[in-house]
Amino acid sequence: MELGTSAIFAAIALLVVIFIVKGFKIIPQAETKVVERLGRYHRTLNSGINIIWPIIDKAREISIRIAYHDVDGRMLVRSKTTTSIDLREQVYDFPKQQVITKDNVTTSINALLYFQIMDPVKAVYEIDNLPNAIEKLTQTTLRNVIGELELDETLTSRDTINSKLRAVLDDASNKWGVKVTRVELQDITPPSSVRDAMERQMQAERERRAQVLKATGDKEALILESEGRKAAIINNAEAEKQTRILEAEGEANSKKIRAEAEAAAIMKISEAIAGSGMTPANYMLAEKYIETLKEMVSGKDNKTVFMPYEASSMLSSIGCFKDMFNAGK
């Protein structure tokens with residue numbers, strides 16, 4: 001009887017130990033588990049301590065993908081199953097794959113995919129192998145997107161390709177409870193022959209740009225030089241114009257001053273000869289005539305002076321000087 005009682009207590013203690021070991025589940029932060037009861041979905045465990053019934057409750061396994069590099073640097077991918085579902089954002093680094101562009105150029109492309117499991121239940125029950133499905137979907141979508149672009153567009157439109165890939169993958173993976181947050185093209189490698197042709201093309205383009213820049217510089221230099229000569233000619237003409245204007249103004253002022261002086265002299269002469277019977281005009285003519293005669297006889301060889309007959313009447317007015325002087329006395 002005591003032996004039977006001991007066996008019962010031992011069995012109860014074993015069940016308690018099994019319940020404690022199997023029934024208490026500690027879930028780390030940002031992880032979860034999908035629990036099935038008798039093969040049917042029961043609940044999703046939250047982070048912290050959770051209690052399940054052993055034997056009748058069991059966590060559902062899910063496939064995960066592990067990528068690593070071997071000693072030769074090659075990237076290898078290994079799949080395994082686990083009951084823990086990581087809710088953090090994850091990244092898949094896919095191996096290089098060959099894609100064909102719109103202009104029939106085979107190119108190697110390596111892509112990175114960032115995603116996050118938003119609904120663990122859908123990730124478990126809506127797809128058999130989630131990592132493999134995401135990889136195949138990414139590869140086929142990448143081929144479709146690159147097939148619509150030419151090689152030059154592929155090399156220069158990474159942001160556009162990333163946006164298209166993310167939109168298509170996010171829409172397709174929404175049924176699996178997955179949110180595709182970002183897609184990045186890590187490397188785009190065209191064939192070596194295409195790379196050589198592109199390098200030659202780039203070299204030719206650089207030479208063409210250098211020649212264009214040189215020709216543009218020469219043209220601008222000639223334009224600046226001709227504009228400088230034009231400005232110099234305009235400045236010289238303007239200076240000459242101003243000089244002539246100033247000379248003309250000076251000559252006009254000089255004539256004006258002389259005329260005013262002569263007018264004043266004539267007025268004084270008129271006042272001096274008033275009452276002598278001699279007009280100012282005759283006085284001025286006689287004065288000019290005497291000055292001319294003086295110049296004519298001032299030379300060494302000038303011995304004989306011929307005077308016109310009409311000059312005798314002019315000289316007769318010289319006698320008026322005597323009357324003018326007498327009147328002055």
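**Reading a predicted model, term by term**

Tutor: Let's start with helix 5: its buried residues pack against strand 11 (106–117), helix 3 (130–147), helix 4 (151–156) and strand 12 (178–189). Packing here rests on contact, meaning heavy atoms within 4.5 Å. Helices (H or I, at least four residues) and strands (E, at least two) are DSSP runs, numbered from the N terminus.

Student: What should I know about the model before we go on?

Tutor: This is a predicted model, in which local features need pLDDT of at least 70 and side-chain atom pairs count only at pLDDT 80 or more, while totals for chains, interfaces and linings use all residues. Residues are numbered from 1 along each chain as its sequence is written, and side-chain values use heavy atoms, leaving out hydrogens and water.

Student: Why is Thr107 called buried?

Tutor: Buried means under 20% relative accessible area, exposed over 50%, and partly exposed in between (1.4 Å probe, protein chains only). Thr107, in strand 11, has a value of 0%, so it counts as buried. Its contacts, not counting residues up to four places away in sequence, include Gln97, Leu151 and Ile188.

Student: How do you know which class Ile62, Val16 and Leu38 belong to?

Tutor: Use those cut-offs again. Ile62 has 8% and is therefore buried. Val16, in helix 1, has 41%, so it is partly exposed. Leu38 has 70%, so it is exposed. Leu38 lies in the loop between strand 2 (31–37) and strand 3 (40–45), and has a positive phi of about 55 degrees although it is not a glycine.

Student: What makes the buried residues of helix 5 line one face?

Tutor: The buried residues are Ile161, Asn162, Leu165, Leu169, Asp170 and Ser173. Seen down the helix axis, they fall within an arc of 150 degrees, so they line one face. The arc is taken from the directions from the helix axis to the C-beta atoms. Asp159 and Asp171 are exposed residues on the face turned away from that buried side.

Student: Why is the contact between Arg65 and Glu135 called a salt bridge?

Tutor: A salt bridge needs a side-chain nitrogen of Lys or Arg within 4 Å of a carboxyl oxygen of Asp or Glu. For Arg65 and Glu135 the N to O distance is 3.7 Å, so the pair meets that cut-off. This pair links distant parts of the chain, with Arg65 in strand 6 and Glu135 in helix 3, 70 residues apart. Both residues are buried.

Student: How do you know that Lys214 and Asp218 are about one helical turn apart?

Tutor: They are 4 residues apart in helix 6, which means about one turn. Their side chains also meet in a salt bridge, at 3.3 Å from N to O. Lys214 has 55% relative accessibility, so it is exposed, whereas Asp218, with 41%, is therefore partly exposed.

Student: And how many salt bridges are there in the structure?

Tutor: There are 12 salt bridges. One of them joins Arg208 to Glu205, with the closest N and O atoms 2.6 Å apart. Arg208 and Glu205 both lie in helix 6 (residues 192–272).
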